[in-house]
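Welcome to this short tour! Keep your viewer open and get ready to select a few residues as we go.

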Amino acid sequence: MLGKGLLTGMGIVLKKMLGPNITEFYPEVMPNLPKTVRSSMGLEPDKCISCTLCALACPNKVITLTSEKDENNKKVLRTYHMDVGRCLFCGLCTEACPTNALTVTQEFENSVFYPEDLYWDMIERSKRNGKEGNK
């Protein structure tokens, strides 16, 4: 029949036009994300024991950290950097962490203008996020 495709297409258009509105008003209203969304990484430096298991588990070698021993001969975290531009957000590093110091977060607003801004100092980032959470 001639025009059957046109009638089918118009039926779909009418159904969508008269259906519920699914527009989200981002950034005024933040979206409700599923719990399984992996958008960013978070670190709690106080929990980190500098075991480097996270760096060893990372398939892209995104994580670099340094530590030194304190007066009690215990490792203390000094620097923790992530090259997020290379990160897959697979979560293998968080699974390897024995103290749950490294977590996958739902913070998804990570766009930057310059590639060098994707090299994160996770200790500084955790301090900044802690201050924002206290406001």
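Start by selecting P31 in this predicted model. Beyond its neighbours within four places in sequence, P31 is in contact with E24, Y26 and F108, so show those residues as sticks too. To place P31 along the chain, look at the loop between helix 1 and strand 1 (40–43).

Is P31 buried, exposed or partly exposed? Its relative accessibility is 21%; because buried means under 20% and exposed over 50%, P31 counts as partly exposed.

Now add C90 to your selection. P31 and C90 lie 59 residues apart in sequence, and their C-alpha atoms are 22 Å apart in space.

Next, select helix 1, residues 4–18. Try the distance tool on its end C-alpha atoms: they are 21 Å apart. Why does that agree with expectation? At 1.5 Å a residue, the 15 residues of helix 1 should span 21 Å, so the two values match. Helix 1 is also hardly covered, with zero buried residues among its 15.

Move on to strand 2 (residues 63–69) and strand 3 (residues 75–83), which run antiparallel and are joined by seven bridges. Pick T66 and you will find its bridge partner, T79, in strand 3. Then look at the hairpin of these two strands, with five residues between them: N73 there takes a positive phi near 60 degrees.

For the last stop, keep strand 3 and add strand 5 (residues 119–121). This pair is antiparallel as well, over three bridges. Which residue of strand 5 stands opposite H81? Select D121 to see H81's partner across the way.

Technical notes
Residues are numbered from 1 along each chain as its sequence is written. This is a predicted model: local features need pLDDT of at least 70, side-chain atom pairs count only at pLDDT 80 or more; totals for chains, interfaces and linings use all residues. Side-chain values use heavy atoms; hydrogens and water are left out. Helices (H or I, at least four residues) and strands (E, at least two) are DSSP runs, numbered from the N terminus. The expected span of a helix is 1.5 Å times one less than its number of residues. Buried means under 20% relative accessible area, exposed over 50%, partly exposed in between (1.4 Å probe, protein chains only). Two strands pair if DSSP finds at least two bridges between them. Contact means heavy atoms within 4.5 Å.
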